[in-house]
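Trainee: I have this model open at the bench and would like a close look at one part of it. Could you walk me through how one helix packs against its neighbour, and then what surrounds it?

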Amino acid sequence: MVSPVTSARAEETAFACEAGERVLAHPRRLSHLAAAVQAGRPVSILAIGSSSTEGVGATAAGRSYPAQLEQILQRRWTRSKITVVNAGIGGETAHGPVGGGADRLGAVRFDLVIWQVGTNDAIRGDGEPAFRDLIDRGIQLARQAGSDIVIVDPQFFPLIHDRGVYERFVTAIWETAEAGGVPVFSRYRLMKAWSARGEDALLSTLAGDRFHMNDRGYACIARTLSVDIADMVRMGAAVAAGR
């Protein structure tokens, strides 16, 4: 029997996940994660966010992006036990009230927090100043807990009602993260690149609702994100070795 992760890897091989351009903004060394990997210690990663983190649209829990990311990083960092905790809650916004939004980021220390945020806020399209404040608050809470943090911005999808409003929230994430020195993995830029190949290319990564991702989409997110995380860990290791 073929496992969900093996099957997903076969599917992603048949689809060019890469955007053809860099989708990671503001890369920086992930010092806490790098230290754990270099020492061969167990690595704890929190994947937090809404339905795209929870895995809505996937055919099995093992095909969510956090589950696939755990498998990929475990193959890469064999000396460490890799654990990716999936704390996705469908419908969550940075504001809450579902799950507490940004306030969930500082509850426990992790080597890395991956915060997928902004889609539901952008769809609602209101409270942009408060949204910026909450992004900043989430960053500070993760840091106070002693965690590295990477933000994942909203997805691009065919049925965006008001792209101007939606993209203002994407920009708000990028600008707030830049001010805080936090990397942003841009799903928005990545998925727009898929769409530029033709609508069928983008739709092949989406579930039937043309909004949530499917197994192929989640596999691509996990693969592309894993490369960027590994690059930022190497940055951290290089800095540490030079001290």
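Mentor: Happy to! One term before we start: a residue is called buried when its relative accessible area is under 20%. Keep in mind, too, that this is a predicted model.

With that cut-off, look at helix 8, residues 187–196. Its buried residues are Arg187, Tyr188, Leu190, Met191, Ala193 and Trp194. After helix 8 comes Gly198, which has a positive phi near 135°.

Arg187 leads us to a strand residue, since Gln116 touches Arg187. Gln116 sits in strand 4, which spans residues 112–116. Its relative accessibility is 3%, and because buried means under 20%, Gln116 counts as buried. Two side-chain polar contacts are worth finding on your screen. One joins Gln116 to Ser50 at 2.9 Å, and the other joins Gln116 to Thr53 at 2.7 Å. Leaving aside residues up to four places away in sequence, Gln116 also touches Ile48, Gly49, Ser52 and Val152.

Now to the helix pair you asked about. In general, two packed helices are described by the angle between their axes and the distance between those axes. Helix 6 covers residues 128–144, and its partner, helix 7, covers residues 163–180. Their axes lie 10 Å apart and meet at an angle of about 40°. That angle makes helix 6 oblique to helix 7. The crossing of helix 6 past helix 7 is right-handed.

Which residues make up this contact between helix 6 and helix 7? From helix 6 come Glu128, Phe131, Arg132, Ile135, Asp136, Ile139 and Arg143. They meet Arg168, Phe169, Ala172, Ile173, Glu175, Thr176, Ala177 and Gly180 of helix 7. By type, the residues of this contact divide into 7 nonpolar, 2 polar and 6 charged.

Ile135 is a good residue to zoom in on, as it belongs to helix 6 and takes part in the contact with helix 7. Is Ile135 buried or exposed? Its relative accessible area is 0%, so Ile135 is buried. Again setting aside residues up to four places away in sequence, Ile135 touches Ile173 and Thr176, both of which are among the helix 7 residues in the contact. Ile135 also touches Trp115, Val117 and Ile151. One more pair to check with your distance tool is Ile135 and Gly101: they are 34 residues apart in sequence, with a C-alpha to C-alpha distance of 9.6 Å.

Note on methods. Residues are numbered from 1 along each chain as its sequence is written. This is a predicted model: local features need pLDDT of at least 70, side-chain atom pairs count only at pLDDT 80 or more; totals for chains, interfaces and linings use all residues. Side-chain values use heavy atoms; hydrogens and water are left out. Buried means under 20% relative accessible area, exposed over 50%, partly exposed in between (1.4 Å probe, protein chains only). Helices (H or I, at least four residues) and strands (E, at least two) are DSSP runs, numbered from the N terminus. A polar contact is a pair of N or O atoms within 3.5 Å; within protein, one must be able to donate a hydrogen and the other to accept it, and residues adjacent in sequence count only if both atoms are side-chain atoms. Contact means heavy atoms within 4.5 Å. Axes are lines fitted to C-alpha atoms, for helices over the stretch in contact, and angles run from 0 to 180 degrees between N-to-C directions. Angles under 35 degrees count as roughly parallel, over 145 as roughly antiparallel, 65 to 115 as roughly perpendicular and the rest as oblique. A crossing is left-handed if the near helix is turned anticlockwise from the far one by less than a right angle, and right-handed if clockwise. Ala, Val, Leu, Ile, Met, Phe, Trp, Tyr, Cys and Pro count as nonpolar, Asp, Glu, Lys and Arg as charged, and the others, Gly among them, as polar.
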